Amino acid sequence: MKALISVSDKTGIVEFAKRLEKQGVEIVSTGGTYQKLKEEGIKVMEISELTGFPECLDGRVKTLHPIVHAGILARRDKTEHRRQLEELKIDTIDFVVVNLYPFKQTILKDGVSLEECIENIDIGGPTMLRSAAKNYQDVTVITNPEDYETVLKELEEKGEVSKDTKFRLMQAVFEHTANYDAMIANYIKEQRGDENLPEKLTLTYEKVQDMRYGENPHQKAALYKEIGKCEGSLTTAKQLNGKELSFNNINDTNGALELLKEFEEPTVVACKHGNPCGVGSSTNIYEAWQKAFKADKTSIFGGIVVANEEVNVKMAEEMKEIFLEVIVAPSFDPQALELLREKKNVRILELPTIRMKQKETAYDIKKINGGAIVQTIDAKLLEEYEVVTDTKPTAEQMEDLLFTWKIVKYVKSNGIAIGKQKQSIGIGPGQVNRIWATKQAIEHGEELIEKGITEGAVLASDAFFPFSDCVEEAHKAGIKAIIQPGGSIKDQDSIDKCNAYGIAMVFTKMRHFRH
């Protein structure tokens, strides 16, 4: 038996090769792998000795040779294949152990050049892997060091590798090479500045962890991470305490984080079931926390809290008195962390890059039956706004309007958010008509904070008002300013109603549906 070994990740390769050697397997290798095995006292043949052809072009050509690929691809059950190998004096290759040039590690390096990245595109490696995988019944092909032990155990105990194991390893090869090619294609697309949605969409992710279950207990689930730099992403957070994150934890926390990234000033967002339930901004993070908590002391129970500045002791003392599923911040005061860890189940995540946003060209993908709908992420907040009423918002009202506009962008449609002094005081998410969402947001504030809280507040709507009924409800609640996209054929009805009640109305000319 013969094994061809050529790996960039040399984890465990020496021990693997030594145990293969004990089973009578002849080893052929290339480049750095050959040197490594030889230094460790393993009897190894260099690839050029096998092929009779020297490596050339700075190592670009070494395994692309008929002797290599005929030895891999020959079907052992075909008499004609065996006859041709004998005639050509070619030995079969029974094991192909290859992992590819470190393209991912290269593109992640700071200041790396396009030329260096292209040099790290492997050619011979994927070709050998595909050849070996195609002939999986006769060839054992390994791309992952984690599979060494399984192969060795079967070989040592039974004298051969089982067909089931070979079939699984075949699958692993095509997953590996598909991932590799997609990574290269996406990198080149990015380098070209190509912002078009591609004709053929191939995305690649790496599994971070399996989960106990998905959105419901009967669904399977796992967390995957995009290939590339993911600063500011939940996938890069360090867990400091608590149980493993669930599917719903991750989904809800991600929504909270994306809203948090809209704010520069100290801000805290509380989230429940993918919708914000309390948002507060202030000149310091403790006051921001108090605003977010007081905005909805009921819904925060079992919810998510994210903050864009360090969690301090005063915050921790109050947080530990309520049931929270997840707390995320860029850092935690050591004493605050000690206090929060008294709650053994609360998941505490440290994310130093919490303020970093996704690129505007990132994809938002929704699976549908038989396909997917893909769009770029909703990266904009607004580009301009226009006051369309006789009454103009005051400077303070304008601050609150923009604060509340950030919130409603992350409220499920139909969505309404009401704010006052940089605190959310009412949120109406996911209703089938806008008037219900408006009434719900008003009731939220009146019932969960205090009667009359909406007096002097501002209101944001994620899409236009199709009728003036929402303005009517806002007036009854004492709301003094409204921000919405505009664009309805009945815009004038809402403007007239605002003028009649002395309410300021601002059009953003940009909507934020969130379905």
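Let us start with burial: a residue is called buried under 20% relative accessible area, exposed over 50%, and partly exposed in between (1.4 Å probe, protein chains only). The model is predicted, so to speak of local features a pLDDT of at least 70 is needed and side-chain atom pairs count only at pLDDT 80 or more, while totals for chains, interfaces and linings use all residues. Residues are numbered from 1 along each chain as its sequence is written, and side-chain values use heavy atoms, with hydrogens and water left out.

**Exercise 1. Describe the overall build of the protein.**

Step 1: take burial. Of the 515 residues, 48% count as buried.

Step 2: take the extent. The radius of gyration is 30 Å, whereas a compact globule of 515 residues would have one near 24 Å (taken over C-alpha atoms; the globule rule is 2.2 Å times the number of residues to the power 0.38). Along the principal axes, the C-alpha atoms fill a box of roughly 95 × 50 × 45 Å.

Step 3: list the elements. There are 18 helices and 21 strands, which are DSSP runs numbered from the N terminus (helices H or I, at least four residues; strands E, at least two).

**Exercise 2. Find which residues and elements line the second largest pocket.**

Step 1: fix the terms. On a 1 Å grid over the protein atoms alone, a pocket is an open set of points with protein on both sides within 12 Å along at least five of seven lines; a cavity is a set where a 1.4 Å probe fits but cannot get out; lining residues have an atom within 4 Å of a point. Grid points are joined across faces, edges and corners, and a volume is the space filled by probe spheres set on the points.

Step 2: read off the lining. This pocket has a volume of about 1200 Å³ and 28 lining residues, with T143, N144, H176, N179 and E206 nearest its centre. Two or more residues each come from α6 (103-107), α10 (163-191) and β6 (205-210). With eight residues, α10 gives the most.

Step 3: sort by character. The lining holds 11 nonpolar, nine polar and eight charged residues (Ala, Val, Leu, Ile, Met, Phe, Trp, Tyr, Cys and Pro count as nonpolar; Asp, Glu, Lys and Arg as charged; the others, Gly among them, as polar).

**Exercise 3. Do the same for the largest cavity.**

Step 1: get its volume, which is about 40 Å³.

Step 2: name the lining: G255, A256, L259, C271, G274, N275, P276, Y410 and R514. The elements giving two or more residues are α11 (247-260) and β10 (275-281), and α11 gives the most, with three.

Step 3: sort again. Five lining residues are nonpolar, three polar and one charged.

**Exercise 4. Is G486 buried or exposed, and what does it touch?**

Step 1: place G486 in the loop between β20 (481-484) and α18 (491-501).

Step 2: apply the cut-off. G486 is buried because its relative accessibility is 13%.

Step 3: list its contacts (heavy atoms within 4.5 Å). Beyond its neighbours within four places in sequence, G486 contacts F464, D491 and F507. The C-alpha atoms of G486 and F464 are 4.8 Å apart, although 22 residues separate them along the chain.

**Exercise 5. Locate backbone features that go against the usual pattern.**

Step 1: recall the pattern. Most residues other than glycine have a negative phi, and most peptide bonds are trans.

Step 2: check the bonds. From S413 to N414 the peptide bond is cis, with omega near -10°.

Step 3: check phi. Q421 has a positive phi of about 50°, and K422 has one near 55°. K422 lies in the loop between β17 (416-419) and β18 (424-428).
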